[in-house]
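Please open the structure in your viewer and keep the selection tool at hand. The tour below goes from stop to stop, saying what to select and what is found there.

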Amino acid sequence: MVSVLLVHHSPSPSTQGIAEAAEAGLRLPELGDIDVTVRPALEATVDDVLAADAYVLGTTANFGYISGALKHFFDTTYDAVREPTAGRPFSYWIHGGYDTTGAETAMTQITTGLGWSLVFDPLVLTGAVDEEHLETATELAATVAASAL
């Protein structure tokens, strides 16, 4: 059975909606039996990362960077998971109020360092979250899960 870890920081109704849409994508019946683990970024552990075959990540863009919560996740797991998880599929979303440039750069640098394989273009947006964004989040997560099958 394939296991997918969804790690996110979703402090607003908009970002919570994106997380829920991504989780729905991981639970699509046509994917078959997927073991889905959902963790707020401050609660995700090394064991969660090592147990997963693929990753979906979500963050807000705060002061030009990824959320402190997702940064904490990477800070506390990076060294222990870098080698054993290299090559595993992933993608992510970033939601910002005005600018996501620094957050995008951080996600690229961190996940490149981890050696993870980007399998769906990240969902990066500012402003209001609409139905098209939610559909993209669902497709993003489903693609990550399908890539691990």
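The expected span of a helix is 1.5 Å times one less than its number of residues. With that in mind, and remembering that this is a predicted model, select residues 131-148, which form helix H5. Its 18 residues should span 26 Å at 1.5 Å a residue, and the end C-alpha atoms are indeed 26 Å apart, so the two values agree.

Staying on H5, colour its buried residues, which are His 133, Ala 137, Leu 140, Ala 141, Ala 142, Val 144, Ala 145 and Ala 148. What covers them includes strand S1 (2-8), helix H1 (13-26), strand S2 (34-40), S3, S5 and strand S7 (123-126).

Next, add H1 to the selection and look at how it passes H5. The axes of H1 and H5 come within 7 Å and cross at roughly 40 degrees, which makes H1 oblique to H5. The crossing is right-handed, and in it Gly 17, Ile 18, Ala 21, Ala 22, Ala 24, Gly 25 and Leu 26 of H1 meet Leu 134, Ala 137, Thr 138, Ala 141, Ala 142 and Ala 145 of H5.

Which residues does Ala 141 contact, leaving aside its neighbours within four places in sequence? Select Ala 141 in helix H5, and you will find it in contact with Ala 22, Gly 25, Leu 26 and Val 56. Ala 141 has a relative accessible area of 0% and is therefore buried. Its C-alpha atom is separated by 8.2 Å from that of Ala 24, although the two residues are 117 residues apart along the chain.

Now move to helix H4, residues 101-114. Its 14 residues should span 20 Å at 1.5 Å a residue, and the distance of 20 Å between its end C-alpha atoms agrees with this. Within H4, the residues Ala 103, Ala 106, Met 107, Ile 110, Thr 111 and Leu 114 are buried. They cover an arc of only 110 degrees around the axis, and so they lie on the same side of H4. An α-helix has 3.6 residues a turn, so residues three or four places apart point the same way. Turn the view to the other side of H4, and there Gln 109 and Thr 112 are exposed.

The buried residues of H4 pack against strand S3 (54-62), strand S4 (65-66), helix H3 (68-81) and strand S5 (89-96). From these, pick out H3, whose axis comes within 11 Å of that of H4 and crosses it at roughly 20 degrees. As angles under 35 degrees count as roughly parallel, H3 and H4 are therefore roughly parallel to each other. Their crossing is left-handed, and the contact is made by Leu 70, Phe 74, Tyr 78 and Val 81 of H3 with Met 107, Ile 110, Gly 113 and Leu 114 of H4. Just after H4, pause at Gly 115, which takes a positive phi of about 80 degrees.

Two loop residues complete the tour. Is Phe 63, in the loop between S3 and S4, buried or exposed? Its relative accessible area of 89% means that Phe 63 is exposed. Phe 63 also has a positive phi of about 50 degrees although it is not a glycine, whereas most residues other than glycine have a negative phi.

Finally, select Ser 67, found in the loop between S4 and H3. At 0% relative accessibility, Ser 67 counts as buried, and, leaving aside its neighbours within four places in sequence, Ser 67 is in contact with His 9, Thr 59, Thr 60 and Asn 62.

How values were computed:
Residues are numbered from 1 along each chain as its sequence is written. This is a predicted model: local features need pLDDT of at least 70, side-chain atom pairs count only at pLDDT 80 or more; totals for chains, interfaces and linings use all residues. Side-chain values use heavy atoms; hydrogens and water are left out. Helices (H or I, at least four residues) and strands (E, at least two) are DSSP runs, numbered from the N terminus. Buried means under 20% relative accessible area, exposed over 50%, partly exposed in between (1.4 Å probe, protein chains only). The arc is that of the directions from the helix axis to the C-beta atoms. Contact means heavy atoms within 4.5 Å. Axes are lines fitted to C-alpha atoms, for helices over the stretch in contact, and angles run from 0 to 180 degrees between N-to-C directions. Angles under 35 degrees count as roughly parallel, over 145 as roughly antiparallel, 65 to 115 as roughly perpendicular and the rest as oblique. A crossing is left-handed if the near helix is turned anticlockwise from the far one by less than a right angle, and right-handed if clockwise.
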